[in-house]
Amino acid sequence: MKELPKVYDPKAVEKKIYSMWVDEGCFDAKIDPDKKPFSIVMPPPNVTGQLHMGHALDSTLQDILTRYKRMQGYSALWLPGVDHAGIATQIKVEEVLRKEEGKTRYDLGRDRFLERVWDWKNKFGDKIVEQQKSLGVSCDWSRSRFTMDDTCAKAVRETFCDLYDKGLIYKGRRIINWCPHCRTALSDAEVEYKDIPGHFWHIRYPVEDSDEEFIIATTRPETMLGDTGVAVHPDDERYKHLVGKNAILPLVGRKLPIVADNYVELDFGTGAVKMTPCHDPNDYEVALRHNLEMIQVIDEDAKIINDGCGGKYDGLDRYEAREVIVKDLEDQGYLVKVEDYSHNVGCCYRCGTTVEPLTSPQWFVKMAPLARKAIDVVNDGRIKFVPERFTKTYLNWMENVHDWCISRQLWWGHQIPAWYCDDCGHITVSRADACECEKCHSKNIHRDEDVLDTWFSSALWPFSTMGWPEKTPELDYWYPTSVMVTGYDIIFFWVARMIFSGMEQMDKEPFKTVFIHGLVRDSLGRKMSKSLGNGIDPLEMVDQFGADALRFNLITGNSPGNDMRFYVEKCEAMRNFCNKIWNASRFVMMNLTIDKNELPEKLEIEDKWILSKLNDTVKEVCDNMDAFELGVASSKIYDFIWDSFCDWYIELTKPRLNSDNQELKENTQKVLLYVLTEILKLLHPFMPFITEEIWQALPHSDAAGNALMLEKYPEYSSCLSFPEDESNFEMVMTAIKAVRARRAEMNVAPSRKAHLYIVTDTRTAFEAGTDYICKLAYSESVSILDSVPAESEKMVSVVTDNARLFMPMADLVDFEAEKARILKEIEKNEKLLAGQEAKLANQNFVSRAPEAVVQIERDKKAKLEALIENLKLSLDNLG
């Protein structure tokens, strides 16, 4: 047994302990037929990533679950990895290239540019991994994966080819979300909608060969250059006679067929809607139904093309074109009015640029057939969401899902395995690199330059990381995984895609439970962001307070699915909790002469109380952990350690530890050591570093290896349940707390002892606790009665659920000294009152001072009067 330093220093402990865990293979997951499997695949952070508070929460939750299950005897695999993060990584490397060399990726060409990206990844890509380690994460690092490593790349190609062969991947010209800044297509899930102030421009659209006209409102007048129709509702009596005729497009003069379609809302606006098929997804669907012309007027740089006006607007940015077009509409008499209007605008999730809907040839996954299985597996309970309310969120999205655009106009990522024949135009999709056209055998082929959406490879993560498409022992043992821990903000991005991918490729759900957590917000409830400058670096918190304090801050009070506020002050409080545990452990160790951890045969009532209390806590904590109520579990552990163990039990043991009775001393040591050891095991998943460091210094068996993290997690034991003793001792404790609180109210020093009369029906419990009451309630002696004592009117009393307690006033107060003190207080405050009355009698002050200032002085006078009255009452009560 070694001695603990006086002060706990996380910096001196954490790296040393983590190295010990790694060196001894504590994180290594092994396939063991004699053990139940437990597995989590880490949501892979971006290779460009810097650890932020969301990562810290995510990692802490996963580590707690993994450590808990490992200690329960499961063969626990926490499989880590990093995502190649297509757009983010390419942008990062392009920025470096531009700033350091003044070059673009096109100056280098694809192959040389990708070499640069790989160099960057190899140099900086492990930064976030090292940062994760500082939190104490217990991943099996030997199994770490990268979404573009050879195994994952093989899985991606197999999936693409398999879905293509089944007709579930196709290439088509469809309307897609386009980011002009990132210059790539985005899936629906990658578009964030923001409420932005804008306008409704009301424009006249004349009807051909008629005096009639439509008044059509639009939030984007620049898109009117691509109008190819006007739609009205089939039941709209105002326009039935116009269906089949043409309207005339202002400025351009193009004829626009007037069509009837149920898409149009009868009671919204004027009931007529302009159709711009190439720049609005709803218009695109209407155009397909009515065979309207498709004219693209905005290009991939968000500039005007094909304006139909002789090139007047061509080359203008979309917003510049808007200003010019609005002015021309006004000048030519087409603009009726302009209204302010706030509307939802789609923005790129990565850079925030307003997304431009464009028609473009892209690769898509056909979602309807895949969604069916993904819906069924949640509806029939094979996959459960925690909290359950997110089931509805998931199902809502899956039931209304659109085909997934999976092609991205980037170079960094999984290049699409499709080759185009320059001679016959056939597309060859192949698991191996194609050398010729599979149809005409021409060698004149070229590969599709686009890469797959990053989320395509991430969707395969639960099984690609375990070796699929090969049949591996890991897949047989650990798949499906046990739980997926993730934020509610990526249910659509990632969770949904993992589910339908697992069902399609593995014919089995990828995980049993989806454990959803919220966002970490600042102390004001705002989302942490660079723009607000309110981000808090978790590594700074670790450096300042230690990893355990940060982890416990993040988990205590946290509830599944709900956002939490982060307070730095709470980190300080959790560091104080660490110090409390450290000091309690030092106290125990300084009083230990035993070298074996076992409970004594004879237990005192306070021993039974603490053991039974510990036993109850163990049961409740395990129940909470199994229900993913980690925040509730951590709070119960905190309360037990701080209140029951440190503030009560340790205090109760001090007289026994100083006793001359050797057997009593040793029995006390045994219970202290046992409870402390169980506390360390109970707390370990939450605070791994300090618990391991203390445990290493305590007497223990090395049967499970030389690490606390491999010890057995505490379990409820009926042998350690003493409900009657626990209840009786709680009565005594409640009485002690009540007496101490009353004495504190009266400012009675602990040195002033009072006789205590206890009137109770539970005499046995209080008789057994008399010694503790004398010591901890500062009582000279205790009398247990069946009825109220004589002269109780001269006593101070307190009441608990099980007893009434009386203390003679004379025992608590020196009457003559107290009278003298009160008289002195009255005299002092009467002088202050006289001064206050004089100030308020001064008309110059009352008439010239602001009313608020005068009121403050009046309030001071009233408080002094009330204080003097109370002091006189106290004096009267003393007789």
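This tour goes through the model stop by stop, saying what to select and what is found there.

The model is a predicted one, in which local features need pLDDT of at least 70 and side-chain atom pairs count only at pLDDT 80 or more, while totals for chains, interfaces and linings use all residues. Residues are numbered from 1 along each chain as its sequence is written, and side-chain values use heavy atoms, with hydrogens and water left out.

**Stop 1: the four-stranded sheet**

Begin by selecting strands β6, β5, β14 and β16, which in that order make an open sheet of four strands with antiparallel pairing. Its edge strands, β6 (184–186) and β16 (404–405), each pair on one side only. Helices here are DSSP runs of H or I with at least four residues and strands are runs of E with at least two, numbered from the N terminus, and two strands pair if DSSP finds at least two bridges between them. Now colour β5 (residues 169–179) and β14 (residues 356–365), antiparallel strands that are joined by 10 bridges. On this pair, show tryptophan 178, which stands opposite glutamate 356 in β14.

**Stop 2: salt bridges**

Keep glutamate 356 in view, since the next selection includes Glu356. In general, side chains of opposite charge can pair when their charged atoms come close. A salt bridge is counted here when a side-chain nitrogen of Lys or Arg lies within 4 Å of a carboxyl oxygen of Asp or Glu, and the structure holds 66 of them.

Select glutamate 857 and lysine 839, whose side chains meet in a salt bridge of 3.5 Å, N to O. This pair links distant parts of the chain, with glutamate 857 in helix α29 and lysine 839 in helix α27 (residues 815–841), 18 residues apart. Glutamate 857 is buried at a relative accessible area of 8%, whereas lysine 839 is partly exposed at 35%; buried means under 20% relative accessible area, exposed over 50%, and partly exposed in between (1.4 Å probe, protein chains only).

Add lysine 860, whose side chain also meets that of glutamate 857 in a salt bridge (3.6 Å, N to O). Lysine 860 and glutamate 857 both lie in helix α29, three residues apart, which is about one turn of the helix. Lysine 860 is partly exposed, with a relative accessible area of 43%. Then select Arg220, Glu222, Arg318, Arg322 and Glu356, which salt bridges with shared partners join into one network.

For another pair, go to glutamate 509 and lysine 512, which form a salt bridge with the closest N and O atoms 2.6 Å apart. Glutamate 509 is buried, with a relative accessible area of 5%, while lysine 512 is partly exposed, with a relative accessible area of 40%.

**Stop 3: the end of helix α29**

Return to helix α29 (residues 851–877) and select aspartate 876, which has its place there. Aspartate 876 counts as exposed because its relative accessibility is 58%. Show lysine 819 as well: the two residues are 57 apart in sequence and 9.4 Å apart in space, C-alpha to C-alpha.

**Stop 4: a positive patch**

Switch to a surface view and select Lys92, Arg98, Lys99 and Lys127, which gather in a patch of positive charge on the surface. Patches are made of residues with over 30% relative accessible area and no salt bridge, with like charges joined within 9 Å and nonpolar side chains (Val, Leu, Ile, Met, Phe, Trp, Tyr) within 5 Å. Helix α3 (residues 86–101) gives the most to this patch, with three residues. Lysine 127 has its place in helix α6 (residues 127–133) and is partly exposed, with a relative accessible area of 45%.

**Stop 5: backbone details in loops**

Select valine 386 and proline 387, which are joined by a cis peptide bond with omega of about 0°. Proline 387 is in the loop between β15 (384–386) and α11 (390–399). A cis peptide bond also joins tryptophan 468 and proline 469, with omega of about 20°, and proline 469 lies in the loop between α13 (461–464) and α14 (473–478).

Next, select leucine 251, which has a positive phi of about 70° although it is not a glycine. Leucine 251 is found in the loop between β10 (246–248) and β11 (255–260) and counts as buried at 18% relative accessibility. Finish at alanine 302, also not a glycine, with a positive phi of about 65°. Alanine 302 is found in the loop between α8 (281–290) and α9 (318–331) and is buried, with a relative accessible area of 3%.

Note on methods:
Areas by Shrake-Rupley, 256 points an atom, 1.4 Å probe, with all protein chains shown as cover. Lys, Arg positive; Asp, Glu negative; His and termini not counted. Charge placed at Lys NZ, Arg CZ, Asp CG, Glu CD.
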